[in-house]
Amino acid sequence: ELTIIPNDRYVLKEIRKSYEINESPRLRKEPFQGQFTFRKDDMLYLTTDGMARQLGGPKYKKLKAKRLKDLLMSVQHFNLKKQEQIIRDVLSSWRGKSERTDDVTILGFKI
């Protein structure tokens with residue numbers, strides 16, 4: 001089962017080219033109100049929208065969120081190293097020779 005937590009545009013910190021860490025002007029003032037229940041062996045993925053925005057494939061289109069969700073569902077049962085390799089391979093195959101179009105960050109960990 002895949003549970004999507006709605007994007008509430010939380011931006012905590014921003015790193016500038018000068019490598020200074022600054023408070024983001026988009027920082028929300030109210031605290032996050034969500035509550036989560038996890039079980040042993042649950043997988044948790046935190047991602048930017050970057051991978052879904054990568055251009056490529058047979059028609060040079062965006063990878064899109066649906067493909068990313070399907071990919072994460074298909075790799076969740078592998079160990080983390082294998083998941084990383086599969087995700088990297090899919091991204092590389094999707095992009096082909098085109099350049100990266102956005103940041104790509106996926107943080108996955110098992111509870």
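Trainee: Is Ala-52 buried or exposed in this predicted model?
Mentor: Ala-52 sits in the loop between strand 3 (43-47) and strand 4 (55-56). Its relative accessible area is 12%, and the cut-off for a buried residue is under 20%. Ala-52 is therefore classed as buried.

Trainee: Which residues does Ala-52 touch, not counting residues up to four places away in sequence?
Mentor: Contact here requires heavy atoms within 4.5 Å. With residues up to four places away in sequence not counted, the residues that Ala-52 touches are Lys-62, Leu-63, Lys-64 and Ala-65.

Trainee: How far apart in space are Ala-52 and Arg-67, C-alpha to C-alpha?
Mentor: Arg-67 belongs to helix 1 (residues 65-75), whereas Ala-52 lies in the loop between strand 3 and strand 4. The two residues are 15 residues apart in sequence. In space, their C-alpha to C-alpha distance is 7.6 Å.

Trainee: Which residues form a positive surface patch?
Mentor: A residue needs over 30% relative accessible area to be part of a patch. Arg-67, at 41% relative accessibility, is partly exposed and is one of the members of the patch. The full set is Lys-59, Lys-61, Lys-62, Lys-64 and Arg-67.

Trainee: In what order do the elements of the protein chain run from the N terminus on?
Mentor: The protein chain has two helices and six strands. Helix 2 (80-95) and strand 6 (106-110) are joined by a loop that contains Asp-102. From the N terminus on, the order is β-β-β-β-β-α-α-β.

Trainee: What percentage of contacts between residues at least 6 apart in sequence join residues at least 24 apart?
Mentor: The protein chain has 111 residues, of which 20% count as buried. Among its contacts between residues at least 6 apart in sequence, the share that joins residues at least 24 apart is 62%.

Trainee: How much of the area that the protein chain exposes do carbon and sulfur atoms supply?
Mentor: The protein chain exposes about 9,200 Å². Of this area, the part supplied by carbon and sulfur atoms is 53%.

Trainee: How many residues apart in sequence are the parts tied together by the salt bridge of Asp-102 with Arg-53?
Mentor: Side chains of opposite charge can pair when their charged atoms come close. In the salt bridge between Asp-102 and Arg-53, the closest N and O atoms are 3.5 Å apart. Asp-102 lies in the loop between helix 2 and strand 6 and Arg-53 in the loop between strand 3 and strand 4, so the separation in sequence of the parts tied together is 49 residues.

Trainee: Which residues are linked with Arg-53 in a network of salt bridges?
Mentor: Six salt bridges are found in a search of the whole structure. Arg-53 is partly exposed at 41% relative accessibility. The residues linked with Arg-53 in a network are Asp-49 and Asp-102.

Trainee: What is the N to O distance in the salt bridge of Asp-70 and Lys-66?
Mentor: Both residues lie in helix 1, four residues apart, about one turn of the helix. Asp-70 is partly exposed, with a relative accessible area of 40%, while Lys-66 is exposed, with 57%. Their side chains meet in a salt bridge with an N to O distance of 3.0 Å.

Trainee: Which residue forms a salt bridge with Lys-81?
Mentor: Lys-81 is exposed at 62% relative accessibility. The partner lies three residues away, also in helix 2, and is partly exposed, with a relative accessible area of 33%. The closest N and O atoms are 3.4 Å apart, and the partner is Glu-84.

Trainee: Is Gln-83 in helix 2 buried or exposed?
Mentor: Leaving aside neighbours within four places in sequence, Gln-83 is in contact with Met-43, Tyr-45, Val-75, Gln-76 and Phe-78. Its relative accessibility is 2%, and the cut-off for a buried residue is under 20%. Gln-83 therefore counts as buried.

Trainee: What is the phi of Tyr-60, in degrees?
Mentor: Tyr-60 is found in the loop between strand 4 and strand 5 (61-62) and is partly exposed at 49% relative accessibility. Although Tyr-60 is not a glycine, its phi is positive, at about 50 degrees.

Terms used. Residues are numbered from 1 along each chain as its sequence is written. This is a predicted model: local features need pLDDT of at least 70, side-chain atom pairs count only at pLDDT 80 or more; totals for chains, interfaces and linings use all residues. Side-chain values use heavy atoms; hydrogens and water are left out. Patches are made of residues with over 30% relative accessible area and no salt bridge: like charges are joined within 9 Å, nonpolar side chains (Val, Leu, Ile, Met, Phe, Trp, Tyr) within 5 Å. Accessible areas come from the Shrake-Rupley method with a 1.4 Å probe; for residues, only the protein chains shown count as cover. A salt bridge is a side-chain nitrogen of Lys or Arg within 4 Å of a carboxyl oxygen of Asp or Glu. Lys and Arg count as positive and Asp and Glu as negative; His and the chain ends are not counted. The place of a charge is taken as NZ of Lys, CZ of Arg, CG of Asp or CD of Glu. Buried means under 20% relative accessible area, exposed over 50%, partly exposed in between (1.4 Å probe, protein chains only).
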